[in-house]
Every structure is written in structure tokens, then in C-alpha cells.
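Reader: I have the sequence and the fold on screen. Can we go through the charge pairs, the core and the odd backbone angles?

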Amino acid sequence: MPEPAARQKTINILTKADLPRAAAELLSFIGQKKIILFEGDMAAGKTTFIKAICAQKGVREPVSSPTFSLVNEYEAADGELIYHFDFYRIENEAEALDIGALEYFSSGHLCLIEWPSKVTDLLPQEGIEVTIATGEAEEARIISLSVYDGGIDGEDRV
């Protein structure tokens, strides 16, 4: 039985107006971690939350889901590069390897990864897992943050 994650946090938001606060809380929580995995049902708000995170980092260009390109690159206000992945449409991990996923993941830059369960074997051994679930109200979301050490299936968590 895996041990629970070393650090966990839950952020509850009632409306989209709460997203800047939630993004600031996530950025404070992650510390120096650079790999952020976003899981949740279709339309749970993964891309919307990533937009809020990028806004907190001072990204000026439009932030959109890289559903067909697989990865988008943004520049934060401090010059830091941010890579945004969406692996929903890939058929296998080889497609992620073809775009250089391992190089991106080991770049030292912030990597925001939607649908990481499609590339489990390629993921670095540590980072933050973000699970977004719908709440009771239409715009309400429950955002669960966990530090992980190993695969997202839970077998290697700290």
C-alpha cells in the first residue's frame, strides 16, 4: 500500500473569479518543483486553471490548449519559459517522445501537463499532481494538490 503524499493541499473555488487566488496558492505550494500534472474530467477546468497560473506568472501572450500541437511555449514576465502540454489526443507515448517530451521535462523550466496519464512512463520522478473536480455550484471546483515522487498511479508516491 503506497504511503500518502508528503504534502497535500485542497483549494476550493466558488467561481472563476477565485482562479487568480487559487493560481497564486498553487505557485506558492509548488516551491521549486517544475513538473505539474493536471488531471480531471473533460471540461473540469484544467486549461482554464493553467491560464490563471500563466497570468500569475506574467505571461502576456494568449494561453490556449495545445490539443493538436501537443505543446505550447509561453514566456513569463521574468523571462522564464513555460511549457504547456495536452496529451489527450495522443495514441501512445512514442508521439510524446517524437516532440521531445523528455527534453522539455528535463529542461528545468515549468511544465504544465494536461492528461499526464497518457505518458506515465515518461514523467520525471517528482513534481506536483493537480486534480480538478467539479463542485456543487456550476463554476465551483475542488483543486487537490499533492507532491508526488514517482508515477502518477500512486505506486511510488512519497
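Author: Start with a charge pair inside one helix. This is a predicted model. In it, E25 forms a salt bridge with R21, and the closest N and O atoms are 2.7 Å apart.

Reader: How many residues apart are E25 and R21, and in which helix do they lie?

Author: An α-helix has 3.6 residues a turn, so residues three or four places apart point the same way. E25 and R21 are about one turn of the helix apart. That is 4 residues, in helix 1.

Reader: Is E25 buried, partly exposed or exposed?

Author: Buried means under 20% relative accessible area, and exposed means over 50%. E25 has a relative accessible area of 24%. Its partner R21 is at 37% and is partly exposed. With its 24%, E25 also counts as partly exposed.

Reader: Which residue of strand 6 does K33 pair with, and how far apart in sequence are the parts they tie together?

Author: The side chains of K33 and E126 meet in a salt bridge, at 3.4 Å from N to O. K33 lies in the loop between helix 1 and strand 2, while E126 is in strand 6. E126 is partly exposed, at 46% relative accessibility. So K33 pairs with E126, and the pair ties together parts whose separation in sequence is 93 residues.

Reader: K34 forms a salt bridge too. Which residue is its partner?

Author: The closest N and O atoms of this pair are 3.2 Å apart. K34 sits in the loop between helix 1 and strand 2, and the partner in the loop between strand 3 and strand 4, 46 residues apart. The partner of K34 is E80.

Reader: Of K34 and E80, which is buried?

Author: The cut-off for buried is under 20% relative accessible area. K34 has 28% relative accessibility and counts as partly exposed. E80 has a relative accessible area of 13%. The buried residue is E80.

Reader: Which residues are joined into one network by salt bridges that share partners?

Author: A search of the whole structure finds 5 salt bridges. Some share partners, and these join three residues into one network: K9, R21 and E25.

Reader: Which element gives the most to the largest nonpolar core?

Author: The largest nonpolar core has 29 residues. Elements that give two or more residues to this core include strand 1, helix 2 and strand 7. The top contribution is 6 residues, and it comes from helix 1.

Reader: Which residues have the most contacts inside that core?

Author: One of them, F49, is also among the buried residues of helix 2. The full set with the most contacts is F49, L112, V130 and I143.

Reader: A43 and L70 both have positive phi. Which one is buried?

Author: A43 has phi near 70 degrees and lies in the loop between strand 2 and helix 2. A43 is exposed, with a relative accessible area of 65%. L70 has phi of about 75 degrees and lies in the loop between helix 2 and strand 3. At 10% relative accessibility, the buried one is L70.

Reader: Which residue takes a positive phi just after helix 2?

Author: The angle there is about 85 degrees. The residue is G58.

Reader: Which residues form the negative surface patch?

Author: One member, E75, lies in strand 3. E75 is partly exposed, with a relative accessible area of 46%. The patch is formed by E61, E73, E75 and D78.

How values were computed:
Residues numbered from 1 in each chain as written. Predicted model: local features only at pLDDT ≥ 70, side-chain atom pairs only at ≥ 80, totals over all residues. Heavy atoms only, no water. Patch = residues over 30% accessible without salt bridge, like charges linked within 9 Å, V, L, I, M, F, W, Y side chains within 5 Å. Areas by Shrake-Rupley, 256 points an atom, 1.4 Å probe, with all protein chains shown as cover. Salt bridge = Lys/Arg side-chain N within 4 Å of Asp/Glu carboxyl O. Lys, Arg positive; Asp, Glu negative; His and termini not counted. Charge placed at Lys NZ, Arg CZ, Asp CG, Glu CD. Buried < 20%, exposed > 50% of the residue type's maximum accessible area, 1.4 Å probe, protein only. Core = buried A, V, L, I, M, F, W, Y, C linked by side-chain atoms within 4.5 Å.
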